Amino acid sequence: MKRLFYPALFHKAEEGGFWVSFPDLPECLTQGDDMEQAYEMAVDALGLALTCREAEQHPIPSASDPTQITSEQDAFLVVIEFDMLAYKKRTSSRAVKKTLSIPEWLNEAAMAMDLNFSQILQEALISKIQA
């Protein structure tokens, strides 16, 4: 799951700006003072909704076909692009301890070079995930 695209309805707010709803995620609502802020808030709200569903082991719904969504008066459809990996990198910095085994010769060679095992493992995993 790299990039996701979910349709959102941007509604004109009476007091100015926009409030945003997602047809596929009824619990996901947000707002912004202008289009740019409303879009940024929609990306964050979408990320929070999806990661909460994932953490609670609830299904993540498929995105609706934008051509099948009808908007109300004073509302328009915007497709929100969401990168789950980028969102998790930005919002989750908790470290997790892992125990692993490597050959003794590799450990000695790496230690002689004063290599940072955690950093190298993180870089390798990120490279593998993004491939």
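How many bridges pair β2 and β3, and in which sense, parallel or antiparallel? Select the two strands and take a look: β2 and β3 pair over five bridges, in the antiparallel sense. Keep in mind on this tour that you are looking at a predicted model.

**Stop 1: β2 and β3**

Stay with this pair for a moment. Pick V20, and opposite it in β3 you'll find T30. Follow the chain from β2 to β3 and you go round a hairpin whose connection is two residues. Now colour β2 (18-22) by accessibility: four of its five residues are buried, so this strand is mostly covered.

**Stop 2: β1 and its two neighbours**

Next, select β1, residues 3-12. On one pairing, β1 runs antiparallel to β2, with four bridges joining them. Click K12 and look across to F18, which stands opposite in β2. The link here is another hairpin, with five residues between β1 and β2. Stop at G16 in that turn and check its backbone: phi is positive, about 105°.

The other pairing of β1 is with β4 (75-83). These two strands also run antiparallel, and nine bridges hold the pair together in the bridge count. Two handy places to click are A8, whose bridge partner in β4 is V78, and F10, whose bridge partner in β4 is F76. Seven of the ten residues of β1 are buried, so the strand is largely enclosed by the rest of the structure.

**Stop 3: the whole sheet**

Show all the strands together. You get an open sheet of four, in the order β3-β2-β1-β4, with antiparallel pairing. β3 and β4 are the edge strands; each has a single partner, so one side of each has no neighbour in the sheet. Going from one strand to the next, the twist averages 30°.

Now add α1, which packs on this sheet and touches β1, β2, β3 and β4. Compare directions and you'll find α1 at about 150° to β3.

**Stop 4: the core**

Time to hide the cartoon and show side chains. The largest nonpolar core has 21 residues, and F10, F22, L46, L50, I80 and F82 are the members that touch the most others. The elements giving two or more residues to this core are β1, β2, β3, α1, β4 and α2. Which element gives the most? That would be α1, with seven residues.

Centre on F82 for a close-up. Leaving aside residues up to four places away in sequence, F82 touches K2, R3, L4, V43, L46, G47, L50 and Y87.

**Stop 5: α1 against α2**

Bring the helices back: α1 is residues 35-55 and α2 is residues 84-91. Their axes come within 11 Å and cross at roughly 90°, so α1 and α2 are roughly perpendicular to each other. To see where they meet, select D44, G47, L48, L50, T51 and E54 in α1, together with M84, Y87, K88 and R90 in α2. Colour that contact by class and you get four nonpolar, two polar and four charged residues.

**Last stop: S92**

Finally, click S92, in the loop between α2 and α3 (104-112). Buried, exposed or partly exposed? S92 has 47% relative accessibility, so it counts as partly exposed. For a last distance, draw a line from S92 to Q31: the two are 61 residues apart in sequence and 23 Å apart in space, C-alpha to C-alpha.

Technical notes
Residues are numbered from 1 along each chain as its sequence is written. This is a predicted model: local features need pLDDT of at least 70, side-chain atom pairs count only at pLDDT 80 or more; totals for chains, interfaces and linings use all residues. Side-chain values use heavy atoms; hydrogens and water are left out. Axes are lines fitted to C-alpha atoms, for helices over the stretch in contact, and angles run from 0 to 180 degrees between N-to-C directions. Angles under 35 degrees count as roughly parallel, over 145 as roughly antiparallel, 65 to 115 as roughly perpendicular and the rest as oblique. Contact means heavy atoms within 4.5 Å. Ala, Val, Leu, Ile, Met, Phe, Trp, Tyr, Cys and Pro count as nonpolar, Asp, Glu, Lys and Arg as charged, and the others, Gly among them, as polar. A nonpolar core is a set of buried Ala, Val, Leu, Ile, Met, Phe, Trp, Tyr and Cys residues joined through side-chain atoms within 4.5 Å. Buried means under 20% relative accessible area, exposed over 50%, partly exposed in between (1.4 Å probe, protein chains only). Two strands pair if DSSP finds at least two bridges between them.
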